[in-house]
Amino acid sequence: MIDGLSGFSALPTSERERIANATRVVQAADGRTLFVEGQPSESLWAVAHGLIHIVKRRPDGRRVVLDVIPPAELFGAVVALEDRPYPATAIAAEPSIVWRMPAVLARDLCRDHAELRGAILSQVTSRLRSAHDRVGSVALDRVERRLGSILLVLARKIGRTEEGRVTSLDVTRQDLADMVGTTVETTIRIISRWQRDQIVSSSRGQIRLENPAALARIAGQAPGRQA
């Protein structure tokens, strides 16, 4: 697991042994909460297998998915390094295996190995920026634009290319509604319209991007750019 994480694979053997002895592998069933907003950040986490959603509640009580964490990516890292409470909640979006390192060890390692801290911060900075932009867009952008944008983000992060051109995503309409801050009914209506226009096709729990260029135009992006 550690070999796939930016910055960790270059650590000396002695440090890698410290990590191996201190970390734990957690089997997370679909829907399991790994940590909650406001909880002390006692661990730094990484996804070995599966998918983790970072979620936050809006003032109206609706859940918004701030980020989707695929395998070989860290989460809860920055606050663990800075010894601050978790700013959001982490939930397994499917049966997952996660890697959990004590935050105190992560802080020790980053203090002694500046390149490790740099690698961790580099990995999460763009993700945090995207999450911030996505929260801001909930109030400013049309739902269609937000939905198109998040589908392109997911295509980059967790998409599978089929037949050399079509990207397939394992994602539900409820997941998408949570990510863009709308209702599942609105999401279904938009996806249905896009299916008629042959922009996407869908089946239960899966969406295929048939025309990414058209989706990029809807999202207000240059064709070929996936957020």
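Two exercises on ring pairs and helix packing follow, both for a predicted model.

**Exercise 1. Classify the ring pairs of Trp-45 with Phe-35 and with Phe-75, and place them in the fold.**

Solution.

1. The structure holds 5 aromatic pairs.
2. Take Phe-35 and Trp-45. Their ring centres are 5.9 Å apart and their planes stand at 50°, so this pair is tilted.
3. Locate the two residues. Phe-35 sits in strand β2 (residues 33-35) and Trp-45 in strand β3 (residues 43-49), so the pair ties together parts 10 residues apart in sequence.
4. Check burial. Phe-35 and Trp-45 are buried.
5. Now take Trp-45 and Phe-75. The centres are 5.8 Å apart with planes at 25°; the cut-off for stacking is under 30 degrees. The pair is therefore stacked.
6. Phe-75 belongs to strand β6 (residues 74-75) and Trp-45 to β3, so this pair links parts 30 residues apart in sequence. Phe-75 is buried, as is Trp-45.
7. Assemble the group. Phe-35, Trp-45, Phe-75 and Tyr-86 form one aromatic cluster.

**Exercise 2. Describe how helix α6 packs on helix α7.**

Solution.

1. Start with the geometry. Helix α6 (residues 173-180) and helix α7 (residues 184-196) pack at about 110°, with axes 9 Å apart.
2. Angles of 65 to 115 degrees count as roughly perpendicular. α6 and α7 are therefore roughly perpendicular to each other.
3. Add the hand. The crossing of α6 and α7 is right-handed.
4. List the contact. α6 supplies Arg-173, Gln-174, Leu-176 and Ala-177; α7 supplies Val-184, Thr-187, Ile-188, Ile-191 and Gln-195.
5. Sort the residues of this contact by type: 5 are nonpolar, 3 polar and 1 charged.

Conventions: Residues numbered from 1 in each chain as written. Predicted model: local features only at pLDDT ≥ 70, side-chain atom pairs only at ≥ 80, totals over all residues. Heavy atoms only, no water. Phe/Tyr/Trp six-rings, centres within 6.5 Å; stacked < 30°, edge-to-face > 60°. Helix = DSSP H or I, 4+ residues; strand = E, 2+ residues; numbered from the N terminus. Buried < 20%, exposed > 50% of the residue type's maximum accessible area, 1.4 Å probe, protein only. Axes fitted to C-alpha atoms, helices over the stretch in contact; angles between N-to-C directions. Parallel < 35°, antiparallel > 145°, perpendicular 65-115°, else oblique. Left-handed = near helix turned anticlockwise from the far one by under 90°. Contact = heavy atoms within 4.5 Å. Nonpolar A, V, L, I, M, F, W, Y, C, P; charged D, E, K, R; others polar.
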